[in-house]
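Here's a quick walk through a two-chain model, written for someone who already has it open on screen. Have a look first, then read on.

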Amino acid sequence: MASRLLKGHRFLRWVNERLPLEKAYKTHMSEYYAPRNFNFWYYFGILSMVVLFIQFVSGIWLTMQYTPDAEHAFDSIEYIMRDVSAGWFIRYMHEVGASFFFIVVYLHIFRGLLYGSYKEPRELLWLIGVAIYIVLMMEGFLGYMLPWGNMSYWGAKVVLSLIGAIPYIGESLQVWIQGDYQVSGVTLSRFFALHVTLIPILLIGLVFLHIIALHQVGSNNPEGIEIKLVKNKDGVPLDGIPFHPYYTVHDLIPIVVFLILFFGVIFYYPDGGGYFLEPPNFLPADNLSTPEHIAPVWYYTPFYAMLRAISFDFLGISAKFWGLVVMSGAIGLVAFLPWLDRSPAKSMRYKGWASRIMLALFTISFVTLGVLGAHPSDWMPFWMAPFFTLIYFAYFLGMPFYTSLENSKPVPQRISSGR
Amino acid sequence: MINWRWAVVLSILVSATCLGAEPNLRKVNVDIQDTGAQKRGFKIYMEYCKGCHSAKFMRYERIATDLSIDPEEMRSQYINDSSSLHDSIRSTAPSDSLSKLFGAAPPDLSLWARYRGEDWLYSYLTGFYFDSERSFSYNNKVLHNVNMPWVLNYQQTHETPKIFGERIRDLTSFMVYMAEPIRSYRESMGQYVLLFLALLLIPVYLLKQSYWREISQ
């Protein structure tokens, strides 16, 4: 197809002699063979690319009108909402986009857990993915501060105080990051700089590596079968189909369905029922008036619940620091999955009952922690947060044991049925 | 006399529920397309609220356009200070003298409806009542020991509850409009965008089907 495209085009031929146009097209599109049995869960990779694009473009236009300074930041958001042509639309896209980014990324990660996409030979692909998730959390945190509403201010204060809880170096580290003895306009300006330059560059770079690494090892699939093991005489996997045109036209459907949901929220529920835009953030930042209940945006709440679950000092170090350790441990452990999973099978379809039950418990505990973290700590009995934190950790730390003890079914060589 | 223990327990329970639960807010269900109500609410805002509360993000010109008020009418009937059409709503009294008088500066109300919600506004504004315990003999059901004066005292005590309720509903409508002037346009635009995307789904689906027919064979 590529050569056919290049045939009549002198200019393209000229470029192709100087830049690997045809080679890249073949490697990543027309001769990248993807398993033919992708299902619903395989939509969320491409959808996160779509949201990344939306965030990137809407972010450029917001940067043109936003003022990163404590005096004017809040007013400049209202200026964008009221006086800039279509400013409200661009701002809502960016704000709803942030939440949708995390929705699709969480579903994308869940797919990885479900079908064992982290297992050999995709360990590095998984590690790059974990790095993307961490960078994305940083980007979200920095961006949430920019409207300079009261929740932006107090949320940032709570998170930055975690750094201050690190023994010995914490306090000076916190001052270094804030650029001031408290969260102030200086912090706002530097967070803006990081939000629009360093972190997006990292994010795009990592996403690029994620795709290159994916195309090197090939996609996993719901059966967890390595399609590269069975090839025809031309070296084409028998269970693979060219990514272009088959998956490009296939993925247009979920993209349009996604856009219907996305624009449905933008036009009808832009504040996401108080979860995407929190009501206290409609008051400007005020260091003298604390919101009644400080909660991070919904996508951080599972980790916030874990932080609050640790309520006792230990070894003379504050509970807050141990909470930080548990919280970062919860994220860090995800990176070790390729080496924690000892099962011979990748997909849940061939793994044993122990793996299935543990994944179900893990999912329940993650969602429950998310709900708990969005509410005041006395909303439910106190034992719930520590209990579900334990289950969360048991999923990872117990994995070497339950995956090697359970009986898994033998994985076939070929993809037999449809999905 | 035997039951005094129960009385104590009961009163603790009752006060605990009163403290713990959010006060029951009255539903108002404002209609964001009803510019008539917003216009009447705007009039009330200018007469009773603007004295103390600015709305610094709301320009008179924008209100004139959105609520179809003639610029001349806006100047003569609504704007009651030296502001021009391009200005935003400024409070009449300086806020530092007001904060001395009431103990807190009256907040800017541009975004109040998005901060508190329409039901809170409606319940608060209809929630004033006589309370002999307090020095000025009034209180509020939603915001206990309120500092704000009972501005609409005369209306609330001299009008029928129905008429007064309608009046507050108009004021709430205006404040909901003011918190997000684009909202009614946004919601009416949304249907075209969604309709377009829904129609787009058809060719996209047929395209996929035509390509994948080769594979399923």
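In chain B of this predicted model, 67% of the contacts between residues at least 6 apart in sequence join residues that are at least 24 apart. The elements behind that chain are 10 helices and four strands, and along the sequence they run α-α-β-α-α-β-α-α-α-β-β-α-α-α. Of the 217 residues in chain B, 37% are buried. Its accessible surface is about 13,000 Å², with 58% belonging to carbon and sulfur atoms.

Now for the domains. Both chains are split in two by the assignment, and the bounds look like this:

| Chain | Domain 1 | Domain 2 | Distance between C-alpha centres |
|---|---|---|---|
| Chain A | residues 21–274 | residues 295–406 | 22 Å |
| Chain B | residues 24–181 | residues 188–217 | 47 Å |

How much area do domain 1 and domain 2 of chain A bury between them? The figure is about 3,100 Å², and 69% of it is on carbon and sulfur atoms. On the domain 1 side of chain A, A:Leu113, A:Lys119 and A:Leu162 lose the most area to domain 2, together 20% of what that side buries. Counted by residue, 37 from domain 1 of chain A are in contact with 36 from domain 2 of chain A.

Next, the nonpolar interior. The largest nonpolar core has 171 residues, and the ones with the most contacts inside it come from both chains: A:Phe303, A:Tyr392 and A:Tyr395, along with B:Phe42, B:Tyr45, B:Ile63 and B:Met74. Helix 6 of chain A (residues 87–115) gives the most to this core, chipping in 14 residues. As a rule, nonpolar side chains in soluble globular proteins tend to be buried together.

B:Tyr45 deserves a closer look. Leaving out residues up to four places away in sequence, B:Tyr45 touches B:Lys50, B:His53, B:Ser54, B:Ala55, B:Ile89 and B:Leu109, plus B:Leu171, B:Phe174, B:Met175 and B:Met178.

Back in chain A, try helix 14 (residues 319–332). Its 14 residues should span 20 Å at 1.5 Å a residue, and because the end C-alpha atoms sit 19 Å apart, the two values agree. Which residues of helix 14 of chain A are buried? They are A:Ala319, A:Phe321, A:Gly323, A:Leu324, A:Val326, A:Met327, A:Ala330 and A:Ile331. These buried residues pack against four stretches of chain A: helix 7 (123–145), helix 8 (150–164), helix 13 (301–309) and helix 17 (384–397).

How values were computed. Residues are numbered from 1 along each chain as its sequence is written. Chains are lettered from A and ligands numbered from 1 in the order in which they are written. This is a predicted model: local features need pLDDT of at least 70, side-chain atom pairs count only at pLDDT 80 or more; totals for chains, interfaces and linings use all residues. Side-chain values use heavy atoms; hydrogens and water are left out. Helices (H or I, at least four residues) and strands (E, at least two) are DSSP runs, numbered from the N terminus. Buried means under 20% relative accessible area, exposed over 50%, partly exposed in between (1.4 Å probe, protein chains only). Contact means heavy atoms within 4.5 Å. Accessible areas come from the Shrake-Rupley method with a 1.4 Å probe; for residues, only the protein chains shown count as cover. A nonpolar core is a set of buried Ala, Val, Leu, Ile, Met, Phe, Trp, Tyr and Cys residues joined through side-chain atoms within 4.5 Å. Domain bounds come from an automatic or database domain assignment. The expected span of a helix is 1.5 Å times one less than its number of residues. Buried area is the accessible area (1.4 Å probe) that two parts lose on being put together, summed over both.
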